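Hi,

Here is the structure I promised to send over. Have a look at it first, and then read on for my notes.

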Amino acid sequence: MLLAEVACVSREVAETSARSRKSALLAELFAAAPADEAALVISYLAGRLPQGRPGIGWRALARESEPAAEPTLTVAAVDAAVTEFAAVAGAGAQAERRRILDGLLGAATEAEQRFLRSLLSGEVRQGALDAVALEGVAAAAGVPAAELRRAVMLDGSLPRVAAAVLADGAGALRDVTLRVGQPVQPMLANTAKSVAEALAALGPCAVEEKLDGIRVQVHREGDDVRLYTRSLDEITDRLPEVAELARSLPGERFILDAEVIGHSPDGRPVPFQELASRVGSRVDVAAARQTLPVVPYFFDVLAEGDRVLLDLPVRERYAALAALVPETHRVRRLIVEDPQGQAGEAEEFWTQTLRRGHEGVMVKGLDSAYAAGRRGKHWLKVKPVRTLDLVVLAVEWGHGRRTGLLSNLHLGARAADGSYAMLGKTFKGLTDEMLRWQTARLGELATSDDGFTVRVRPELVVEIAYDGLQRSPRYPAGVALRFARVLRHRPDKSADQADTVETVLADGA
C-alpha cells in the first residue's frame, strides 16, 4: 500500500470532528490494506511506530528535502527504513542516520513528508488514536467493537489483533486469550479532586497508597519470569531483584501488577527521576543495583495458575493476591466498606500516605473488574495539586482539531539573571475558548514564526498544574515539569510576578 493513501486518510480524519466519520474513513482504508501490511497501516494511523521512538529530533526532520513528484513510497518501505535507522550504532552513526532519513523524505511527496514528519516525531494528532482506530477495524472486519476491544485488552496489541481479524474474521477473536508471557495493557485510573469525592463516587472501596514508581507487570511460568512496563516493553534484565522476588513467591504461574520504587537511606521513596535513571541504565545493571536497589510492591493479580481473574471483583482478586504475596510486598491499603462511617479513617490514611513521601492514593471500587487497557471509572487517583505561574516563551501551531490555533505552550520560570528558563511544554487543559483567546493574544506578542513554532515576547503568564519534576538535560534548569496542564491564563499578572527557578526547584526538593 502506498504511504500516500495513509497520509490522505490521516488528513481527512484530522479535518472531521465527527467520530462516526473518522471510523468510516479508517474502516475503508483498513479493509483495503493488504493482509501483510494491515498491522503497519493501523499502527501508523494510531500514531505509532512498531519500532517505538527512533530518536529523530525536530531539527533533523525540519531540514528541507525536495519532495518526490509522484507517490511511489510504500508503507513497507517506510517500515524498512525506520528499522534500518533504529539499528544504526557505532562510528559514523550520525551520518548514516542522516542518509537514511534524507533518503526516506526524498522518496516522499510533499503530503507524505508532512505525515512522515508527524509520525517520526510522535506528533500525529488527527484524532485516530486507539479508540477510533479500533472502531474502524471493527467496522472493516464486521465484528462487534466490544468483542474486538476485549481481544485487544487480552493480547496487548491492536495492530496484531486487527491484522488477524481482518484476515480471518470473527473466528480470530476466539483464539485470543490471556497468556503468561504476553503482556496485557494495564488498567488506568481517572482523577478525583479529593478522597471524599472518590468515596462518594465509588461506595465500598479500597484506598491504596499511590507510589510514584515504575509500573511493572510480572509474568511467571515456573522459573521463567518476565517483567514488562506499562507500555509493554520488556525490562526483565533491568530489574533482577524483582525477578528474584517473583521466583520466591509460592505460585508457579501468575501475572501480577506491581509498582517498583527505590528507597533512600532514611526509608523514604526516592524521586521518580532517580528511579527512571536506574531502570533506564543499559550499561552496568549490577552497579546500578548496588547504587539504588529497588523494591516491588504488588497491588493486583490478573491470572493465577489456570485461572484468569480479570473479571473477578477487586475484593476477590485481593484475596488471591494475599495468598501469593506476603504483606511486606503488597501496597498498603485500607478497606472502606462504609464510606460515610469510615470517611475520617480514609482521610487519615491519605494524610499518612503523603507524610510517608508517596504522591497520593488510589481509590478502587471493591466490586469492580480489571478493565485492562482502559481508564475505568472504578479506579480513581487522588493527588495534591501543585501549581506554578509561568511565562509563555513560545507556542506551536496545533494539529487536527487545533489546526489554525496556537496550541502547545513553551513554559518558562524567571531566572536569577533576568532571563527565563524553559521547563517544558504542554497543550493539555486548554478548552476551545482558551485556545481561541491565547491564539489572539500570543499573535499580538509574536516575534517570529517558522510555520511550526511562534516565538513570543515573554509577557503572558499562565497558571500550570503539574505532578512533580524530573531531571532533564534538555532544559537550562536541569529539570522539566511532569504532566503539566493549563489551569487558566493570568493576564492580570505581569511576567515579573511569575515564579522563579529557585521556587520551582525548592518545591520539587
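Leu-232 sits in the loop between strand 4 and helix 13 (240–248). Bear in mind that this is a predicted model. The phi of Leu-232 is near 75°, which is a positive value in a residue other than glycine. Phe-483 also has a positive phi, about 50°, and is not a glycine either. You'll find Phe-483 in the loop between strand 18 (479–482) and strand 19. Its relative accessible area is 48%, so Phe-483 counts as partly exposed.

Back to strand 4, where the Leu-232 loop begins. Which sheet does that strand belong to? An open sheet of five strands, in the order 4-3-5-6-7 with antiparallel pairing. Strand 4 (224–229) and strand 7 (307–308) are at the edges with a single partner strand each, so each has one side without a neighbour in the sheet. Further in, strand 3 (residues 214–221) runs antiparallel to strand 5 (residues 253–262), and eight bridges join the two. If you want a pair of residues to click on there, Arg-215 stands opposite Glu-259 in strand 5.

The other strand I'd look at is strand 16 (residues 461–466). Is strand 16 buried or exposed? Six of its six residues are buried, so the rest of the structure largely encloses it. That goes for both faces: Val-461, Glu-463 and Ala-465 point one way, Val-462, Ile-464 and Tyr-466 point the other way, and all are buried. For Glu-463, buried means under 20% relative accessible area.

Strand 16 has antiparallel pairings with strand 11 and with strand 19. Six bridges join strand 16 to strand 11 (residues 386–397), and four bridges link strand 16 to strand 19 (residues 485–489). Glu-463 turns up in both pairings: Asp-389 stands opposite Glu-463, and Glu-463 stands opposite Arg-488 in strand 19.

One helix residue, too. Ser-121 is in helix 7 (residues 110–121). With a relative accessible area of 12%, Ser-121 is buried. If you'd like a distance to check in your viewer, the C-alpha atoms of Ser-121 and Ala-319 are separated by 44 Å, with those positions 198 residues apart along the chain.

Now for the whole chain. The protein chain has 19 helices and 19 strands. The C-alpha trace spans about 65 × 65 × 50 Å along its principal axes. How does the radius of gyration fit with a compact globule? For 509 residues such a globule would be near 23 Å, and the chain has 24 Å, which agrees. Of those 509 residues, 50% count as buried. Among contacts between residues at least 6 apart in sequence, 70% join residues at least 24 apart.

On the surface side, the chain exposes about 23400 Å², and carbon and sulfur atoms supply 50% of that area. For charges, there are 63 positive and 69 negative side chains, and the centres of the two sets lie 2 Å apart.

That's the lot. Shout if anything is unclear.

Cheers

Definitions and conventions:
Residues numbered from 1 in each chain as written. Predicted model: local features only at pLDDT ≥ 70, side-chain atom pairs only at ≥ 80, totals over all residues. Heavy atoms only, no water. Rg over C-alpha atoms; globule rule 2.2 N^0.38 Å. Buried < 20%, exposed > 50% of the residue type's maximum accessible area, 1.4 Å probe, protein only. Contact = heavy atoms within 4.5 Å. Areas by Shrake-Rupley, 256 points an atom, 1.4 Å probe, with all protein chains shown as cover. Lys, Arg positive; Asp, Glu negative; His and termini not counted. Charge placed at Lys NZ, Arg CZ, Asp CG, Glu CD. Pairing = 2+ DSSP bridges.
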